[in-house]
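Work through the exercises below with the sequence and the model open. Each task is followed by a solution in steps.

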Amino acid sequence: MITRESFVDEIVALIGESEVSLPEDVVRALDAAFERESDPIAISQIGAILENIEIAGDKRIPLCQDTGILIFDVLVGTGARIDFDIRDAIFDAVVAATNTVPLRPNVVHPLTRKNTGNNTGKGLPDIVFNLVRGSSLEVSVYPKGAGSENMSRLAMLKPGESDEIERFVLETVIGAGGMPCPPIIVGVGIGGSADLAARLAKRAALRPLGAMNDFEQGLCDAVNMLGIGAMGLGGDTTALGVHMEMAHSHTASLPVAVNIQCWASRRAHKKFS
Amino acid sequence: MEHRLTTPLDRDKVLRLSAGDVVYLSGRIFTARDEAHRRMLAVLSRGERLPFDLSGGVVYHCGPLLRDNDTGWTVISAGPTTSERMAGMTPELLERTDLSGIIGKGGMRGLVDLFRSKGCVYLAYPGGCAALAAGRISRVVGVHWLDLGMAEAVWEFEVDRFGPLIVGIDSQGEDLYERVLERSKRRYSPPR
């Protein structure tokens with residue numbers, strides 16, 4: 001059985017890992033984008049990104065100064081025996097990681113803008129618990145920066161307007177331009193309700209890069225046709241991928257949400273047995 | 001075309017920069033984002049002087065991550081933040097100071113005429129490349145308004161060949177972001 005103390009230590013290490021290195025699928029996609037690129041300015045931008053990834057990994061320092069707000073997915077096996085408050089332990093880990101990694105203190109009161117100084121506050125870090133079969137405990141952490149998150153949009157389309165989804169996604173990407181640090185990953189949440197669509201979009205944006213279905217590939221090609229390019233300075237790759245997640249919805253609604261992830265798609269995962 | 005520039009920026013050299021050129025910058029730069037802009041404008045509108053000199057200077061839209069050691073501050077990670085958030089406050093800042101350059105990411109919409117009339121240049125640093133940027137910051141000269149928090153304070157950095165910076169908005173009336181955006185809008189034909 002895992003102790004609270006070792007759990008906190010492991011989560012601090014996990015946060016550190018997520019901040020200093022990128023998952024292999026993301027690095028591969030950036031390498032491929034660099035090889036493919038024909039625009040000289042975009043080559044310089046993606047080249048700088050790849051150099052940055054190398055420096056951060058070698059020196060074990062955060063890739064981006066925006067170390068984000070921290071999102072945790074926690075899978076708890078119904079047979080897992082845990083004798084401490086996981087939420088509380090994750091809070092302690094975030095406070096510790098703020099000093100050790102270090103993380104930039106990003107969490108403020110939404111109105112007074114007073115910084116809590118330790119990356120925790122009411123509702124943050126954002127921790128989602130899911131019950132699963134088995135007896136293991138799994139934690140994923142996703143640091144999410146504000147540059148890309150600020151480009152999120154929600155549309156409550158009319159039920160018959162599924163043809164409008166592509167327009168909404170493309171107009172969101174055009175409106176975002178260079179602001180979310182392209183090459184981006186576009187997350188599209190379709191269906192559910194306003195809040196569920198937003199959750200699905202976020203989940204889609206954070207999903208590992210890999211094979212896309214026809215709908216996603218079509219949207220991805222359409223996004224890359226725009227030529228916004230790395231950092232909005234023009235180029236062949238605007239999106240490394242477009243991911244879609246769907247839920248059924250009320251017969252009278254068609255919610256569509258878009259969440260954008262910057263090129264620094266940071267994530268780390270740990271399974272405790 | 002590639003340029004090596006040193007602060008304070010020479011006005012003639014700034015005027016010769018064209019959108020799309022590459023710049024490596026050495027000298028002093030001042031970080032400023034949302035809160036620092038608000039305070040700079042508040043101080044200047046009262047007719048008071050800023051505690052730092054922006055004449056011919058360069059503002060960097062950046063909220064850095066630093067560590068406070070026994071020997072002073074060390075920059076850990078210091079990439080650019082989204083410049084658009086400062087776009088509304090930039091006209092007044094350019095009116096009230098002799099700022100010559102702004103470094104950021106993503107561009108600032110609708111300011112190309114202002115940059116031309118003020119002889120100011122917008123330089124894009126690759127977003128998210130904060131470890132790379134930190135390596136080109138040779139010294140933390142000082143910090144102002146630390147009460148605003150680490151990210152929002154004004155940090156004075158000495159930089160050495162800071163770049164690659166891309167001229168995003170030049171002082172000849174060209175805005176590279178606008179050019180790219182216009183092209184995307186032409187390429188995108190919405191379903192009817």
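**Exercise 1. The partners of one strand**

Which residue in β9(B) does B:Y122 stand opposite?

Solution. This is a predicted model, in which local features need pLDDT of at least 70, side-chain atom pairs count only at pLDDT 80 or more, and totals for chains, interfaces and linings use all residues. Residues are numbered from 1 along each chain as its sequence is written, chains are lettered from A and ligands numbered from 1 in the order in which they are written, and side-chain values use heavy atoms, with hydrogens and water left out.

Step 1. B:Y122 stands opposite B:I169. Strands (E, at least two residues) and helices (H or I, at least four) are DSSP runs numbered from the N terminus, and two strands pair if DSSP finds at least two bridges between them. Strand β7 (residues 121-124) of chain B meets this criterion, being joined to β9(B) by 3 bridges in the antiparallel sense.

Step 2. Strand β2 (residues 22-31) of chain B also runs antiparallel to β9(B), with 7 bridges; here B:V22 faces B:I166.

Step 3. Strand β8 (residues 137-144) of chain B adds an antiparallel pairing with β9(B) over 6 bridges, in which B:V143 is opposite B:W155.

Step 4. Buried means under 20% relative accessible area, exposed over 50%, and partly exposed in between (1.4 Å probe, protein chains only). Strand β9 (residues 154-169) of chain B is largely enclosed by the rest of the structure, because 13 of its 16 residues are buried.

**Exercise 2. A hairpin in chain B**

Through how many residues does a hairpin join β4(B) to β5(B)?

Solution. Step 1. The hairpin connection has 2 residues.

Step 2. Strands β4 (residues 65-69) and β5 (residues 72-77) of chain B are antiparallel and share 5 bridges. In one pairing, B:D68 has B:W73 as its bridge partner.

**Exercise 3. The largest pocket**

Describe the lining of the largest pocket and where it comes from.

Solution. Step 1. On a 1 Å grid over the protein atoms alone, a pocket is an open set of points with protein on both sides within 12 Å along at least five of seven lines, a cavity is a set where a 1.4 Å probe fits but cannot get out, and lining residues have an atom within 4 Å of a point. Grid points are joined across faces, edges and corners, and a volume is the space filled by probe spheres set on the points.

Step 2. The largest pocket has a volume of about 1,200 Å³. Its lining has 46 residues, with A:N106, A:V108, A:R113, A:A146 and B:R33 nearest the centre.

Step 3. Helix α5 (146-149) of chain A and α2 (34-45) of chain B each give at least two lining residues. The largest share, 4 residues, is from α5(A).

Step 4. A:E149 lies in helix α5 of chain A and is partly exposed, because its relative accessibility is 27%.

**Exercise 4. The cavity**

How many cavities of 30 Å³ or more does the structure hold?

Solution. Step 1. The structure holds 1 such cavity. The largest cavity has a volume of about 120 Å³.

Step 2. Its lining has 14 residues, and A:G178, B:G106, B:R109, B:Y177 and B:L181 are the closest to the centre.
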